[in-house]
Amino acid sequence: MRLVPAAAILCAIALPAAAQSRTEDAARSLQDPMVQEGVAMAVNSIAEILLDTRVGPLAHYTDPRDDIRPSDTLRDLERRKDPHFEEKLRDGTRRAVATAGAVSGDALAMSSELARTAERLKGALAPLADAVQAYSDDN
């Protein structure tokens with residue numbers, strides 16, 4: 001059942017010709033291990049900034065058993081739960097970006113089929129859109 005929404009999203013991406021060219025370029029780029037590493041590093045940099053967010057001032061709103069101290073950051077909280085969370089986060093990010101590269105390659109391979117499907121859907125939905133417009137004009 002998840003295939004239908006994914007196919008619909010990919011159809012929407014495949015429609016505009018100009019965007020399709022950029023999408024193809026991005027899909028090809030995401031398959032390059034060096035690009036993947038760069039994207040993963042960028043995502044990790046963003047995560048580092050977020051992890052340095054101080055949450056301690058909100059400690060008095062939490063359950064005392066949560067052990068949130070006045071000077072704690074999100075990193076402090078996560079580190080207490082799992083001392084290796086940063087390593088796991090970096091590895092997970094790399095895997096996610098590699099997966100995105102593989103998926104984008106597969107989507108690129110399907111782009112012409114998705115464009116054909118999108119055209120068929122537009123044709124099938126046109127009478128419905130016309131009926132809705134006619135109804136709106138009458139009311």
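The following legends describe an overview and several close-up views of a predicted model.

**Figure 1. Overview of the predicted, all-helical arrangement of elements.** The protein contains 5 helices and 0 strands, and its elements run α-α-α-α-α from the N terminus on. Buried residues account for 21% of the 139 residues. Of the contacts between residues at least 6 apart in sequence, 53% join residues at least 24 apart. The accessible surface of the protein amounts to about 10100 Å², and carbon and sulfur atoms contribute 63% of this surface.

**Figure 2. Surroundings of Asp 72 in the loop between α3 and α4.** The loop that holds Asp 72 lies between α3 (33-51) and α4 (74-81). Asp 72 has a relative accessible area of 3% and is therefore classed as buried, the limit being under 20%. The side chain of Asp 72 makes a polar contact of 2.3 Å with the side chain of Arg 80. Apart from neighbours within four places in sequence, the residues in contact with Asp 72 are Thr 53, Arg 54, Val 55, Gly 56, Asp 67, Leu 77 and Arg 80.

**Figure 3. Salt bridge between Arg 75 and Asp 52.** Side chains of opposite charge can pair when their charged atoms come close. In this view, the side chains of Arg 75 and Asp 52 form a salt bridge with an N to O distance of 2.8 Å. Arg 75 belongs to helix α4 and Asp 52 to the loop between α3 and α4, so the pair ties together parts that are 23 residues apart in sequence. Arg 75 is buried, at a relative accessible area of 9%, whereas Asp 52 is partly exposed, at 45%. A search of the whole structure gives 14 salt bridges.

**Figure 4. Salt bridge between Lys 88 and Asp 82.** The closest N and O atoms of Lys 88 and Asp 82 are 2.8 Å apart. Asp 82 has a relative accessible area of 19%, and it counts as buried because the limit is under 20%.

**Figure 5. Salt bridge within helix α5, and a network of shared partners.** Arg 94 and Asp 91 are joined through their side chains in a salt bridge, at 3.8 Å from N to O. Both residues lie in helix α5, 3 residues apart, or about one turn of the helix. Arg 94 is partly exposed, with a relative accessible area of 36%, and Asp 91 is likewise partly exposed, with 33%. Elsewhere, salt bridges that share partners link Glu 48, Asp 52, Arg 75, Arg 79 and Glu 86 into one network.

**Figure 6. Surroundings of Ser 104 in helix α5.** Ser 104 is buried, with a relative accessible area of 14%. A polar atom of the Ser 104 side chain lies 2.8 Å from the backbone oxygen of Gly 101. When neighbours within four places in sequence are left aside, Ser 104 is in contact with Ala 27, Leu 30 and Gln 31.

**Figure 7. Nonpolar surface patch that includes Leu 128.** The patch is formed by Leu 121, Leu 125, Leu 128 and Val 132, which together have about 380 Å² of accessible area. Leu 128 lies in helix α5, which spans residues 85-138. The relative accessibility of Leu 128 is 53%, so this residue counts as exposed, the limit being over 50%.

Conventions
Residues are numbered from 1 along each chain as its sequence is written. This is a predicted model: local features need pLDDT of at least 70, side-chain atom pairs count only at pLDDT 80 or more; totals for chains, interfaces and linings use all residues. Side-chain values use heavy atoms; hydrogens and water are left out. Helices (H or I, at least four residues) and strands (E, at least two) are DSSP runs, numbered from the N terminus. Buried means under 20% relative accessible area, exposed over 50%, partly exposed in between (1.4 Å probe, protein chains only). A polar contact is a pair of N or O atoms within 3.5 Å; within protein, one must be able to donate a hydrogen and the other to accept it, and residues adjacent in sequence count only if both atoms are side-chain atoms. Contact means heavy atoms within 4.5 Å. Patches are made of residues with over 30% relative accessible area and no salt bridge: like charges are joined within 9 Å, nonpolar side chains (Val, Leu, Ile, Met, Phe, Trp, Tyr) within 5 Å. Accessible areas come from the Shrake-Rupley method with a 1.4 Å probe; for residues, only the protein chains shown count as cover. A salt bridge is a side-chain nitrogen of Lys or Arg within 4 Å of a carboxyl oxygen of Asp or Glu.
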